[in-house]
Structure formats: structure tokens, C-alpha cells
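Okay, thanks for squeezing me in before lunch. Let me put the model up, and then I'll walk through the parts I marked.

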Amino acid sequence: MATNVLALPRASQPTGLMSWITTVDHKRIGILYLITAVIFFIVGGIEALIIRTQLAAASNTLVGPNLYNELFTMHGTTMIFLAVMPLNSGFGNYLVPLMIGARDMAFPRLNALGYWLFLFGGLLLYSSFLVGGAPDAGWFGYAPLSERAYSPTHGVDFWILSLQLLGISSIVGSLNFIVTIINMRAPGMTINRLPLLVWGTLVTSLLVIFALPSVSVAMFLLLFDRVFSTSFYLPNNGGDPLLWQHLFWFFGHPEVYIMIMPPFGIISEILATNSRKPIFGYAAMAFAFAGISFVSFTVWAHHMFAVGMSPAADAVFAGMSFVVAVPTGIKIFNWLATIWRGSLRINSAFLFAAGFIGQFTIGGLSGVILAAVPVDWQVTDTYFVIGHFHYTLFAGAVLALFAGTYYWFPKMTGRFLNERLGQLHFWFTMVGMTLVFLIMHYVGVLGMPRRIYTYGAAQGWEVWNFIETIGAYLVAFGVLFFVINIITSLRHKATATNDPWDGQTLEWATSSPPPAYNFASMLPVNSPRPLWDAKYGPHGEFASNPKTVDLSGGGTATVHLPSPSIWPLVLTIGLSIIAIGIIFGFDGGPLALDISGMGMALQSLPIGLVTGIVVFFIGLIGWVSQPAS
Amino acid sequence: MAAVDKLEQGARRADEPLKGVLIPEHVETSTGLDHRKMVMWVFIASESIFFAALMATYLVNRDKVSLEEGPGHLDLAVASFNTFILLFSSLTMVLALQAIERAKKGRMIFLLVATAFWGLVFLGGQAFEYIELINNGITFDTNVWSSSFFALTGFHGTHVLIGIIWIVMLIIRALRGGISEHNHLAVELGGLYWHFVDLVWVVLFTIIYLI
């Protein structure tokens, strides 16, 4: 291999910006995921604020209907694919190898590829604003609304192609997580001793693997409809809009669990540590993860009660949807039992985690209400539904991700976040979100439909919408405190020890932040709480004189680590050029080279597509020529 | 627990942190299975859903058009020949793996070339089928049946093409000395993918041409 000019020299150690661009270290990739996703979260939040400001008064004219459609489409797509999912990937990337006692992920370069595809997918989606208009058919892209005839700008094309890039990102990330978790556990860490965040990540990854290809196909077919004039979803020509809905929701429903499982894991870790108790009912929690994920594949059509399926289908999908409440209920009771009689440490992380339990339960309950077919018929496509899923995704996923940030920030940076700002953040968020999302249920029952850019004063919704908007701004102030907190805390001195919260899992057994190789040595693992066992003894023998643990080897151990690589970025650039080449390379677009004069059957050549494929292959050859480790 | 006790017996002062046992330079995987082999299987599981969604699309659109508008122009003889070719290519792939396991590198390269060749023959048969349809006025956007047919077989054909490129890269690697009887996992992985694509075709053949 030494003769291969494409391979980077093994010993190269880039510094500065280059060291981040070529990094294959799971901790750095995790941090890149987190920072990028927080930026997209803020952008999606600004879109939400514009939506709420528009709706604050009846017959408001701040934004027109077209921009409003773009805003709610981009808000939904951003929050799901560019904020919550990558935040989960960020925490997973950073923490999973540390929690299972591994030195990196199974495929470090694949890990980097996942990040770059996420970044470029997000940039591709947002570049649509600059070239002719953002997607405007909703995050669910219902055909035929998303077809060329009803959505004539390139917005939906951008949406399709960027979601395909993000889909590849999620798939490669999930493949990596699955192999890492199954194959790289420390000796003694059986599947039934995995920390619950690792369980959540494993289950989520399996869901991604089995759910995402369905929407990938759905979007390819939509792309064919838009670019090659097929009619998969056009009823006039024999197509079927319901095909889109089935393919989409077969992914779309597992997707909500994809977003919420890792937060469930985060909450479990935080509540156990901050109650100074083991998690209550570990096995039941693990089985609940598996149970929810299995059932999640049997409930997709509860999004489609209103389209007129047979009563038998309605009944089955409603029944399975009720079943989801059982494992979810098990989790909620186990969290409560974990706190019960614990010696509580009430800090920002704990507050967010405890707030999560209460608020998420509301979202779960309104979900059970919506699973009842007659009720769903009544409130479908109203603000009741918006209230429901924001209670699961904001009150669920986002609160847990905030909690996780307060909890693991010292591990990632060596610095603590400010408690006072953290608690301000908590109370603003809690009050604000209740004002926005609880009232949405009520307005929905009053009959306010979703996806309308304004409403008349005679409807009587104005005062409620105004209060919701105040709530949205309170949430925004909370996020502002959060961002200020992160920026100011990073300027303080690093004071965090290995184990600032008296943790139970292995990430607290190494330094804060951990050395590049994570661990120089390893503890024996005999339970889900290896660090706790080492500090206090498996039966509390050392409780009177607890030990401290340091597996970092002082940060100076010499460990062979995988070489940095530029090829994940090159592959990503190739795929991005392919995406742009598809959008603009057909129907006389700017990237369609006219070769009709050359006497070939082909009239025009999509040069962007061809260029992208060439770049992709250069990246691929570089990748396979570089030694893997 | 015994291990914890052993740590305790080490020469450790009371105020020094526990250090655990050093991690060896080479760590076995938890399952004993190579990472790359495991990821290949999980990837194939994911691909199955991809093709399942395409097949579902084909099946819901299959009976929406009359025979003259599409399915009647399919050529069962060509498709049967193609099926035979692809199954045969799986055989040469298996034999290639067996050859390198027995340290017969030359034979492996020959069999890989054969596999890639059969793959190309399959694509040729596919192209023949496409041209026949197009000559009968049935193209990608003619009706939902033709769209579903071209999408389903087109995605499968793309997978075959990727498989051929994969095998060519294996051949190049083998010629440059990157594959030996002690280091042939790459052949096994390429084989897994090739057999999967082959298996998908068996299902496609059944739902498109037989039922």
C-alpha cells in the first residue's frame, strides 16, 4: 500500500481546522454533531417564532401564505432531521463508546461520513431559500400537494435530495452504532448490563435501519414524478396518493420513536445518578425499549384514520396504538420509582429530567386520546394534534436533550454550566411551553385547523393564540439563557473532576474531557453500574470509605488510534454535487448540457450528476486505498 | 467481584484512585464476529426494506393496466435466461471464495472475473428487455405499471452494477496482493452483497413474471 499516492501517510497529524475536518475521533464528531444541531435548532426556533408572531393576531399580514407554508415546512423538517435526530447522534457518538468502555466507534471513518452528510444535507436544504424558494408542502410532503403541478418551485426537489443525504447519514450512523454496541463492549458488559442510554441508541439505530428505506423509496418515486413525469402519486393517471402516505408513515411513525428513545435513555441516566440510586427495574426498562420499538412498526396507519380505511384496519391500528402506552407507562413508573426515596441532587439537569416526566406524560396521554378513531376524526388536522406532538417532541425529546447537556457538559469540556442561568432556562422553558402547547389542545378542540397562515377575528381564537405567542417567546428567552450559559461557561476555568456527579457508568471513570483514546485501563463489569461497584463495592462494602477511579492513564498512554481521513468529506461533496446535479440537470435546467448536436440518442447530459459521480468515485477509491486503522 | 478484590490487593495507597486493568493493544470483538461482516448483514437487512417498499409499489400498481399497455410485452424467455445467469454467477462467487480459502488465488481471480462477466450479461439481458418495451412504446412515464416496473428493475439493476464495480475492485486488490488465504474477508463481504442482490432478483422474477 505504500506505493499508493492517494493514501494519506499513516503518521500525519493535522492541526487546527484541518484536524477537525479530517477527524475520525468519536468525541470530536459528537461535538461537531452537537454544535451544528444546536445552530439548526436555533434556526428552526426562529422559524417557529415567526409563525407564532404571524398567528398572534387575527388577519395578520406579517408573512403571506406562501412564505408561511415554507416556514412551517422548514420548521418541521429542521427540528426533526437537523436538530433532534443529530442531537441524539451527537450524544450517542460522544457517550456510547465511553459508556461501553470502547476506544472509538467500530467504523471511525463511516462516523465522520455520517456527520458530513448531515451538515451538507442541512446546507443543501437551506440553500433552497436562495434559489427559487424553500419546500412548502409540509415536513410530511403529502403527494400530490408535493407534486410539480402544486409545488412548482425547486423547493420540494431540494427537500427530497437533502432528506436522501440525511437518510444516508442516519443509516451509516445507525449501522455504526449497532456494530459498536454489539461488538465493542468491555469484558463483562453483557447486553443486559448496557447503560440505558446505550440501549436507547441501539434500539433507535435498529428502527432507523428498518424504517428509513421506506421513506427513501417514497421520495425517489416522488422525485420520478417531479423530474421524469411518472404518476406514482397522481390519481388522474392511475397513481395513488395513499401509497405516499403508507410509505411515508411506515417510516414516519417509527421516526417519532427514533427521536424519543435516546432521550428516554438520557433521562434514565440522569435520574438514577441524581437520585443516588440504581435505576428502578432495569430489565423492565430494557424490555420496554424493545417493546416500544417493535410495536412502533405496527401503528403507522393511525396517521391515516381520516383517509377512509376499512373499519377493520382502523380498529387494528387503533388497538396497536393503545398498546404503545403499556411499555411507555412502564418507563414512566420506573422513573418515578427511581426518584422515590432517593437522596436527590436538585440541579438543572435533574429539573429538566423531572420536568420531562410530567410533561411527556401529558403528551403520551393525548396520544392515547388521538389513537381513538372517532376522536381522531374530530380533531385530526387541528391544533390538538400540534399540541400533542409538541408535548412528545419538545416536552419529551428537547427537554431531555437540555437535561443531557447540563449533565454531560462537564464531561465534554471539563467545565460546569452555570446553575442560576440553568434554572432560569428551566423555568422559562417550562412556563413558556405550557402556555404554547397546552393551549394548542384547547384551540384545536375549538376547531382551529393546522397549517393556516391566518384566521378571522370572529373565530374567537385570537386571545388564545396571543397567549401561545407569549409562551413561545418565553421559550425563546429560555434558549437564549442556555446559549449565553454555554458561551460564558466555556470561558471559565476547567474545574470538573473525573466524576463530578458521583456517576454510575464508565464515562465518569476517565478524565473530563477524556483523552483521545478514552481509557488506558478498564474496570471489571459485573452490573449495569460498573463505576458504582468499583467506588462503593458491589454490595456497598466500601460505602464508608468510597474509592475514586481513574482509567485515563493520566492522558499520556500511547495507544494506536485510527488515522485522520479526508475521504469522508470528499465522498460527501460528491454526493452533494450529485444531488444538485439531479435538481438542475434535467428538463433544460442550468446543469443540463445540450448534446443534441452530437447525434446520440441522449439529448442532454446532466453534467452536475456526472461530475458528482466522478468526485464520489475519487472519494471511494481514496477511502478503500487508505488503511482502515 | 473477584476481579474487584484482586484490584484491592494491588499495591495501592488509600488516597490513590483505582486504575483497573490495562486494556490490551488488540481487543477481540464481543461476539467474535468481525465488525465488517456484522455491518454487512445489518446493511442487507436495511436493503431488504428498500426493496420491500419498491415491491409493494409494484404490486399495488400491477393490475391497474391491461396486458397490451405493458405486462403483455414482457419477455419470459429473456427473464428466465437472466435468472439462470444470475444464479450461475452466485455459484462462481461461492467458488471464488472457496478458491481463496484453499489458497488458490489465480483460480479465485478467474472466478471473480467470471462472476463480473455474468453480471454484465445479466445487465445486457435487462437492457434487451428495456429496449423491447421501449420499441413497443412503453417507457418510464407511460403508465403506473411501466413506472413501477422500470423503478423496481432499475434499482435492482443499479445494485447489480454496484456489485460488478465491487467485484472489479476486488480483482484489482487481489492483483496488487491485497487478498490472500489469510486475508479474504473482502471477498466474503462482496459475496454476501452479490448473493443478496441475486436473491432479490429471484423474488422480483417471481412477482413480475410468474404470478
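**Where the two chains meet**

So, start at this spot: A:M522 stands opposite B:V21, which sits in β1(B). Before I go on, this is a predicted model, where local features need pLDDT of at least 70, side-chain atom pairs count only at pLDDT 80 or more, and totals for chains, interfaces and linings use all residues. Residues are numbered from 1 along each chain as its sequence is written, while chains are lettered from A and ligands numbered from 1 in the order in which they are written.

Back to that pair. β1(A) and strand β1 of chain B, residues 21–22, are joined by 2 bridges and run antiparallel. Pairing here takes at least two bridges found by DSSP between the two strands. Helices and strands are DSSP runs numbered from the N terminus: H or I with at least four residues for a helix, E with at least two for a strand.

How many residues of chain A are in contact with chain B? It's 46 residues of chain A, against 36 residues of chain B, with contact meaning that C-beta atoms, placed from the backbone, lie within 7 Å. On the chain A side, the elements giving two or more residues are α5 (155–183), α6 (196–228), α7 (241–275), β1 (521–522) and α15 (530–536). The largest share, 9 residues, comes from α6(A). By class, that side of chain A has 28 nonpolar, 13 polar and 5 charged residues. For the classes, Ala, Val, Leu, Ile, Met, Phe, Trp, Tyr, Cys and Pro are nonpolar, Asp, Glu, Lys and Arg are charged, and the others, Gly among them, are polar.

**Helix packing**

Stay on α6(A) for a second. Its axis and that of helix α8 of chain A, residues 282–295, come within 10 Å and cross at roughly 15 degrees. Axes are lines fitted to C-alpha atoms, for helices over the stretch in contact, with angles from 0 to 180 degrees between N-to-C directions. That makes the two helices, α6(A) and α8(A), roughly parallel; the cut-offs are under 35 degrees for roughly parallel, over 145 for roughly antiparallel, 65 to 115 for roughly perpendicular, and oblique for the rest. Among the residues that meet are A:W199 and A:L206 in α6(A) and A:F289 in α8(A). This contact has 9 nonpolar, 2 polar and no charged residues.

Now chain B. Helix α3, residues 76–101, and helix α6, residues 185–210, have axes that come within 10 Å and cross at roughly 160 degrees. So α3(B) and α6(B) are roughly antiparallel. The residues of that contact include B:M93 of α3(B) and B:W194 of α6(B), and they divide into 14 nonpolar, 5 polar and 2 charged.

**Overall size and odd backbone**

Chain A has 17 helices and 3 strands. Its C-alpha atoms fill a box of roughly 75 × 70 × 50 Å along the principal axes.

Last bit, the backbone. Most residues other than glycine have a negative phi, and most peptide bonds are trans. Here, A:A143 and A:P144 are joined by a cis peptide bond with omega about 5 degrees, and A:P144 lies in the loop between α4 (108–127) and α5 of chain A. Another cis bond runs from A:S512 to A:P513, omega near -10 degrees. And A:D381, not a glycine, has a positive phi of about 60 degrees.

Conventions. Two residues are in contact if their C-beta atoms, placed from the backbone, lie within 7 Å.
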